[in-house]
Amino acid sequence: MPETIRYTADVVAMTPNGSVLLIERGGPPHQGAWALPGGHVDEGETSRDAAARELLEETGVSVAARDLVQVGVFDQPGRDPRGRYVTVAYLARVPADTQIVAGDDARTTRWWPADRLPPLAFDHADILTAAASK
């Protein structure tokens, strides 16, 4: 029997000086942990459109979907404790003075220096490593 696969999109938002935008998760799994903004792809939506929407909903940062650069597809079994999740990750380059505000699933948002990141939920450290080469 085929397993249920859920489709998500995540965003690595970075400034020219190397800061990375993270959210503190407001709910499970990994409630209270730091993570990249992202979430489920809605019906009729591309992963690129979902990434732009989730970034706006969770952090208040507006980026045109066409400006997102695909980082890769992350589909390792076990990457999410809720079951099988496949995510497409995107890179958004934003100005250093980009204002942020927590919304939707985010308890808070914060810019972090790329060389001093906290432990991250899911496989988001792997996504950030992949984004660094873009």
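The exercises below, each with a worked solution, concern a predicted model.

Residues are numbered from 1 along each chain as its sequence is written, and side-chain values use heavy atoms, with hydrogens and water left out. Local features need pLDDT of at least 70 and side-chain atom pairs count only at pLDDT 80 or more, while totals for chains, interfaces and linings use all residues.

**Exercise 1.** Determine which residues of helix H2 are buried, and what covers them.

*Solution.*
1. Helices (H or I, at least four residues) and strands (E, at least two) are DSSP runs, numbered from the N terminus. H2 spans residues 124-131.
2. Buried means under 20% relative accessible area (1.4 Å probe, protein chains only). In H2 this holds for His124, Ile127, Leu128 and Ala131.
3. These residues cover an arc of only 100° around the axis, so they lie on the same side of H2. The arc is that of the directions from the helix axis to the C-beta atoms.
4. An α-helix has 3.6 residues a turn, so residues three or four places apart point the same way.
5. The cover of the buried residues includes E1, E2, strand E3 (34-35), strand E5 (69-74) and strand E6 (84-93).

**Exercise 2.** Describe the surroundings of Val11 and Val12 in strand E1.

*Solution.*
1. Val11 counts as buried because its relative accessibility is 0%. Val12 is buried because it also has 0%.
2. Contact means heavy atoms within 4.5 Å. Leaving out residues up to four places away in sequence, Val11 touches Leu36, Pro37, Ala51, Leu55, Tyr90 and Ala92.
3. With neighbours within four places left aside, Val12 is in contact with Leu36, Tyr90, Leu91, Ala92, Ile127, Leu128 and Ala131. Among these, Ile127, Leu128 and Ala131 are buried residues of H2.
4. Val11 and Ala92, 81 residues apart in sequence, have a C-alpha to C-alpha distance of 6.8 Å. For Val12 and Leu36, 24 residues apart along the chain, the C-alpha separation is 6.3 Å.

**Exercise 3.** Place Arg53 and list its contacts.

*Solution.*
1. Arg53 is found in helix H1.
2. Its side chain makes a polar contact with the side chain of Glu54 (3.1 Å). A polar contact is a pair of N or O atoms within 3.5 Å; within protein, one must be able to donate a hydrogen and the other to accept it, and residues adjacent in sequence count only if both atoms are side-chain atoms.
3. Not counting residues up to four places away in sequence, Arg53 touches His40, Val41, Asp42 and Glu45.

Key:
Buried < 20%, exposed > 50% of the residue type's maximum accessible area, 1.4 Å probe, protein only.
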